[in-house]
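Biologist: Before we discuss any details, could you put the chain in front of us, so that we can go through its fold step by step?

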Amino acid sequence: MKKYYEQLAQWKKLFLFLMLICFIGIIGRLLPYGNEMWNFIFENMIWFPVEAGVTIFIVDRIIHKNNEK
């Protein structure tokens, strides 16, 4: 469990950055600006942090598992 908290502390900046992107996406989706042609970007910003976070977590686990061997 201690190892998990150490890893979480290392990823703190990543989590904060991804949460900021998600927050901007939610605000942009709720308050659309001008032409609706560009509003899809905000919808993508909502889900990007989830996709990136899961991908980075999985790749990190695979690399860590291979390094232990």
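What follows is a set of questions and answers on this predicted model.

Biologist: Which pattern does the protein follow when read along the sequence?

Modeller: The secondary structure comes to three helices and zero strands. Read from one end of the sequence to the other, the protein therefore has the pattern α-α-α.

Biologist: What is the radius of gyration of the protein, and what does the globule rule give for 69 residues?

Modeller: The C-alpha atoms fill a box of roughly 55 × 20 × 15 Å along the principal axes. The protein is more spread out than a compact globule, because the globule rule gives 11 Å for 69 residues, and the radius of gyration is well over that, at 16 Å.

Biologist: How much of the accessible surface belongs to carbon and sulfur atoms?

Modeller: Of the 69 residues, 19% count as buried. The accessible surface comes to about 6,200 Å², and the share of it that belongs to carbon and sulfur atoms is 69%.

Biologist: Is F17 buried, partly exposed or exposed?

Modeller: F17 has its place in helix α2, which covers residues 12–30. Buried would require under 20% relative accessible area and exposed over 50%. Because F17 has 48% relative accessibility, it counts as partly exposed.

Biologist: How far apart in space are F17 and G34, C-alpha to C-alpha?

Modeller: In sequence, F17 and G34 are 17 residues apart. In space, the C-alpha to C-alpha distance between F17 and G34 is 26 Å.

Definitions and conventions
Residues are numbered from 1 along each chain as its sequence is written. This is a predicted model: local features need pLDDT of at least 70, side-chain atom pairs count only at pLDDT 80 or more; totals for chains, interfaces and linings use all residues. Side-chain values use heavy atoms; hydrogens and water are left out. Helices (H or I, at least four residues) and strands (E, at least two) are DSSP runs, numbered from the N terminus. The radius of gyration is taken over C-alpha atoms; the globule rule is 2.2 Å times the number of residues to the power 0.38. Buried means under 20% relative accessible area, exposed over 50%, partly exposed in between (1.4 Å probe, protein chains only). Accessible areas come from the Shrake-Rupley method with a 1.4 Å probe; for residues, only the protein chains shown count as cover.
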